[in-house]
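Student: I am new to this structure and would like to learn how to read its features one at a time. Could you show me the general idea first and then the case at hand?

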Amino acid sequence: MAPSSIMPLTAQHKTGNFDCGEEALNIWLRETALSNQQKYYTSSYVITDNRQQVIAYYALCTSMIYKQDMPRRLRDNAAPRELPAILLARLGVDKAFQKQRLGGYLLLDAFKRTAQAAQLSAAQVLITHPIHSQAESFYLKHGFLKLRGEKEALFIPLPVITAILKQS
């Protein structure tokens with residue numbers, strides 16, 4: 001399946017039948033995503049089928065990380081104690097559409113939006129907190145690194161994101 005375009009979540013999108021196999025992600029999409037979008041807590045992006053049913057989504061918001069949690073080789077001594085970051089808060093693909101590379105497609109879109117956001121308001125990294133080891137493996141495969149200090153947090157520096165976007 002060739003993915004359709006990724007668009008911001010709206011009230012017209014149907015979320016009721018979404019099932020990625022992780023109930024926490026399903027419930028968040030169904031019950032919280034649109035409200036958070038409307039209140040500017042998170043920005044959610046979706047892929048839908050021809051009936052506007054959400055088949056995949058992700059959500060971003062701003063965040064901060066401590067400079068000391070970055071690997072020593074990536075620390076800038078002149079940087080402030082806390083570094084601006086973008087948080088990949090959620091990412092899910094409906095079970096009926098898994099194994100079709102939609103997760104990677106969503107992640108690439110998240111990289112593009114992170115790079116754009118970094119130009120507008122500053123961000124050093126994209127971070128995420130994988131829901132389980134399988135999700136962690138997915139992110140590590142796509143260039144994320146483990147963040148020191150924060151249990152189960154991963155990050156990818158903006159220069160790496162920029163390099164990935166140039167190759168795609």
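Student: How many salt bridges does a search of the whole structure find?

Tutor: Keep in mind from the start that this is a predicted model. The general idea is that side chains of opposite charge can pair when their charged atoms come close. In this structure, a search of the whole model finds 5 salt bridges, and one of them joins the side chains of aspartate 19 and lysine 95, with 3.3 Å from N to O. Aspartate 19 lies in the loop between β1 and α1, while lysine 95 lies in the loop between β4 (82-93) and α3 (102-121), so this pair ties together parts that are 76 residues apart in sequence.

Student: Are aspartate 19 and lysine 95 buried, partly exposed or exposed?

Tutor: Aspartate 19 counts as partly exposed because its relative accessibility is 26%, and lysine 95, at 48%, also counts as partly exposed. Another salt bridge joins the side chains of aspartate 49 and arginine 51, at 2.7 Å from N to O; here aspartate 49 is buried at 15% relative accessibility, whereas arginine 51 is exposed at 55%.

Student: Which residue does the side chain of arginine 113 meet in a salt bridge?

Tutor: The partner of arginine 113 is aspartate 109, with 2.6 Å from N to O. Both residues lie in helix α3, 4 residues apart, which is about one turn of the helix. Arginine 113 is partly exposed, with a relative accessible area of 22%, while aspartate 109 is buried at 13% relative accessibility. Arginine 113 also lies over the face of tyrosine 45, at 3.8 Å from the ring centre.

Student: Tyrosine 45 brings me to the strands; in which sense does β2 pair with β1, and in which sense with β3?

Tutor: The general idea is that in a regular strand the side chains alternate between the two faces of the sheet. In this structure, strand β1 (residues 7-8) and β2 pair in the antiparallel sense over 2 bridges, and proline 8 stands opposite tyrosine 45 in β2. With strand β3 (residues 54-66), β2 pairs in the antiparallel sense over 6 bridges, and isoleucine 47 stands opposite alanine 56 in β3. The hairpin of β2 and β3 has 5 residues between the strands, and in this hairpin glutamine 52 takes a positive phi near 70°.

Student: How many of the residues in strand β2 are buried?

Tutor: Strand β2 (residues 43-48) is mostly covered, as 5 of its 6 residues are buried.

Student: How should I read the aromatic rings, and how many aromatic pairs does the count come to?

Tutor: For each pair, look at the distance from centre to centre and at the angle between the planes, where an angle under 30 degrees counts as stacked and one over 60 as edge-to-face. The count comes to 6 aromatic pairs. Among them, tryptophan 28 and tyrosine 57 are stacked, at 6.0 Å centre to centre with 15° between the planes. This pair links distant parts of the chain, with tryptophan 28 in helix α1 (residues 23-31) and tyrosine 57 in strand β3, 29 residues apart. Tryptophan 28 is buried at a relative accessible area of 8%, and tyrosine 57 is buried at 0%.

Student: Which arrangement do tyrosine 139 and phenylalanine 144 show, stacked or edge-to-face?

Tutor: Tyrosine 139 and phenylalanine 144 are edge-to-face, at 5.2 Å centre to centre with 65° between the planes. Tyrosine 139 is buried, with a relative accessible area of 5%, and phenylalanine 144 counts as buried at 2% relative accessibility. Together with Phe111 and Phe138, Tyr139 and Phe144 form one aromatic cluster.

How values were computed
Residues numbered from 1 in each chain as written. Predicted model: local features only at pLDDT ≥ 70, side-chain atom pairs only at ≥ 80, totals over all residues. Heavy atoms only, no water. Buried < 20%, exposed > 50% of the residue type's maximum accessible area, 1.4 Å probe, protein only. Pairing = 2+ DSSP bridges. Phe/Tyr/Trp six-rings, centres within 6.5 Å; stacked < 30°, edge-to-face > 60°. Lys NZ or Arg CZ within 6 Å of the ring centre and 35° of its normal. Salt bridge = Lys/Arg side-chain N within 4 Å of Asp/Glu carboxyl O.
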